[in-house]
Amino acid sequence: MSYVDEVIELVVKKNPSEPEFHQAVKEVLESLRVVVEANEEKFRREALLERLVEPERQFKFRVPWVDDKGQVQVNTGYRVQFNSAIGPYKGGLRLHPSVNLGIIKFLGFEQIFKNSLTGLPIGGGKGGSDFDPKGKSDREIMAFCQSFMTELCKYIGADTDVPAGDIGTGAREIGYMFGQYKRIRGVYEGVLTGKGLSYGGSLARTEATGYGLLYLTDEMLKCNGHDIKGKTVCVSGSGNVAIYATQKAQELGAKVVTVSDSTGWVYDKDGIDVALLKEVKEVKRARLSEYAAARPSAEYHEKKNGEHGVWTVKCDIALPCATQNELDLDDAKALVANGCIAVAEGANMPTTLEATEYLQANKVLFAPGKAANAGGVATSALEMSQNSERLSWSFEEVDSKLKNIMVNIFHNLDDAAKRYGAEGNYVVGANIAGFEKVVDAMTAQGIV
Ligand code: NDP
């Protein structure tokens with residue numbers, strides 16, 4: 001049996017009730033097979049893959065808090081410190097009822113490679129709780145966040161482990177957690193990212209994932225002989241990533257003709273009006289039907305069961321920015337039939353495996369989320385740098401660093417794919433490029 005298959009089998013045996021973790025390990029190791037085979041003897045002797053799939057440390061703890069009726073509630077908190085070979089652990093805190101150890105490990109494992117790809121000194125980690133913030137009062141959210149941080153603060157710090165937001169953890173939760181950390185530990189340091197601007201947050205963090213997606217897409221197109229100017233783009237979603245991806249695409253001279261939300265989608269033949277989109281989604285927090293009602297050039301389509309709508313619109317570039325598995329094989333076929341030349345993932349895992357394979361087989365340029373949406377975590381790392389310096393950089397300074405990072409990411413994965421005979425396969429390139437740096441650091445630091 002090959003070394004990769006042995007390690008996959010070991011992971012399933014050692015972590016029997018963690019299917020998401022098995023899936024993530026399988027996906028990453030499968031795409032690394034060619035690198036592992038080229039170094040098999042050395043990697044086996046050093047048990048490199050066994051060390052890579054075993055978190056350095058993991059914490060599971062009780063989070064008791066009192067609800068508005070005076071009832072005590074108990075949730076479970078997690079922090080998995082997966083790999084610190086290239087820097088302090090970095091990764092978000094997910095607050096969602098579906099959270100369990102397997103999900104946190106799957107996210108933490110993926111984070112190692114994404115963080116490595118940014119070229120910045122950040123290791124991989126992830127955490128969270130099965131707490132559901134939906135429908136809770138402000139006081140209940142604060143009570144939970146304070147109790148969660150009372151335990152978590154023992155294991156994190158600006159130079160050891162720096163959590164960030166994720167699903168369910170926004171600016172409000174980060175604020176409450178930061179306040180409690182400071183109160184217990186008595187230090188004012190950049191222990192969390194995604195902070196408000198008045199207490200150490202970074203300018204351009206809000207825009208970073210969407211802008212970064214376009215910087216990478218632009219570079220990918222240029223290197224393949226295309227110009228983004230004048231291209232028609234379909235975007236899905238209308239949240240943080242989608243809004244700023246749309247804005248940057250239009251700034252670069254493309255025309256974005258669609259956006260969507262969980263109830264429907266909009267086709268705007270004149271190009272999406274970003275100011276109106278922000279007003280509807282960020283200010284009024286309304287449905288997209290309100291966008292169409294205010295804009296004569298726009299059509300609104302109610303979402304039908306099993307259909308993803310936006311991908312049936314003719315476009316040159318598709319940017320899925322909503323949610324996981326939102327672009328399936330039928331959608332990929334429609335895109336190819338309509339002459340689409342590039343797909344870049346703003347969301348995490350929006351394209352199904354079959355759809356990715358179909359797009360690649362039909363010569364559509366495909367940038368995986370691990371690379372294409374890394375602008376968010378990269379800018380979090382820039383927030384850490386500003387906190388260490390006790391300085392705040394201007395918007396332009398952060399934005400220009402973000403652009404450099406995204407351009408470098410593209411070249412790293414392009415080079416890695418070429419070196420291993422998979423030219424143009426940016427999925428393989430992303431995993432290899434992320435892996436190589438971590439392996440190099442792990443080897444240099446000895447058996448730890
Ligand atoms: P938001 O919650 O701001 O926006 C999500 C958008 O997707 C909303 O418009 C939502 O619609 C829409 N949506 C949700 N489910 C569906 C569905 N089934 N069909 C169509 N639209 C849907 O999230 P973000 O923009 O922050 O994140 C989007 C994706 O990007 C996620 O996968 C996230 O993990 C990933 N990501 C985000 C980063 C960030 O910095 N924000 C960084 C890296 C990755 P509605 O308005 O109806 O809820």
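**Buried residues, the ligand shell and a second pocket**

E383 counts as buried, because its relative accessibility is 1% (buried stands for under 20% relative accessible area, exposed for over 50%, and partly exposed for what lies in between, with a 1.4 Å probe and protein chains only). The model described here is a predicted one, in which local features need pLDDT of at least 70 and side-chain atom pairs count only at pLDDT 80 or more, while totals for chains, interfaces and linings use all residues. Residues are numbered from 1 along each chain as its sequence is written, and side-chain values rest on heavy atoms, with hydrogens and water left out.

E383 belongs to helix α15 (helices are DSSP runs of H or I with at least four residues, strands are runs of E with at least two, and both are numbered from the N terminus). From this helix, the side chain of E383 reaches the backbone nitrogen of G194 at 3.0 Å, a polar contact in the sense of two N or O atoms within 3.5 Å (within protein, one atom must be able to donate a hydrogen and the other to accept it, and sequence neighbours count only through two side-chain atoms).

Helix α15, which spans residues 375–389, also gives the most to the lining of the second largest pocket, to which it contributes 7 residues. The space in this second largest pocket comes to about 420 Å³. Its lining is made up of 24 residues, and those closest to the pocket centre are G190, M384, S385, N387 and S388. (On a 1 Å grid over the protein atoms alone, a pocket is an open set of points with protein on both sides within 12 Å along at least five of seven lines, whereas a cavity is a set where a 1.4 Å probe fits but cannot get out; lining residues have an atom within 4 Å of a point. Points are joined across faces, edges and corners, and the volume is the space filled by probe spheres set on them.) By class, 12 of the lining residues are nonpolar, 8 are polar and 4 are charged (Ala, Val, Leu, Ile, Met, Phe, Trp, Tyr, Cys and Pro are taken as nonpolar, Asp, Glu, Lys and Arg as charged, and the others, including Gly, as polar).

The ligand is surrounded by 20 residues, of which T209, S238, V241, S262 and R287 are the closest (a residue is near a molecule if one of its heavy atoms lies within 4 Å of it). This shell divides into 4 nonpolar, 11 polar and 5 charged residues, and helices α8 (205–223) and α9 (240–251) each supply at least two residues to it. Polar atoms of the protein approach the ligand at several points. An N or O atom in the side chain of R205 is 3.3 Å from an oxygen atom of the ligand, and a polar backbone atom of D261 is 3.4 Å from a nitrogen atom of the ligand. In the side chain of S262, an N or O atom is 2.4 Å from an oxygen atom of the ligand. Taken alone, the ligand exposes 900 Å², and 67% of that is buried by the protein (accessible areas follow the Shrake-Rupley method with a 1.4 Å probe, and for residues only the protein chains shown count as cover).

Two residues other than glycine have a positive phi. A204, with a phi of about 75°, lies in the loop between α7 (171–185) and α8, and it counts as buried because its relative accessible area is 7%. A47, with a phi of about 45°, is found in the loop between α3 (40–45) and α4 (48–52), and it counts as partly exposed because its relative accessibility is 25%.

Further residues were examined for their place and their cover. N115, in helix α5 (residues 101–117), has a relative accessibility of 0% and therefore counts as buried, and a polar atom of the N115 side chain lies 2.7 Å from the backbone oxygen of G123. G369 lies in helix α14 (residues 369–372) and, with a relative accessibility of 3%, counts as buried. G309 is placed in the loop between β9 (298–302) and β10 (317–320), and its relative accessibility of 9% means that it counts as buried. R419, by contrast, is part of helix α16 (residues 395–419) and counts as exposed, because its relative accessibility is 52%.

Separations in sequence and in space, the latter taken from C-alpha to C-alpha, were computed for several of these residues. R419 and T443 are 24 residues apart in sequence and 21 Å apart in space. For G369 and N305, the separation is 64 residues in sequence and 25 Å in space, and for G309 and K255 it is 54 residues in sequence and 18 Å in space.
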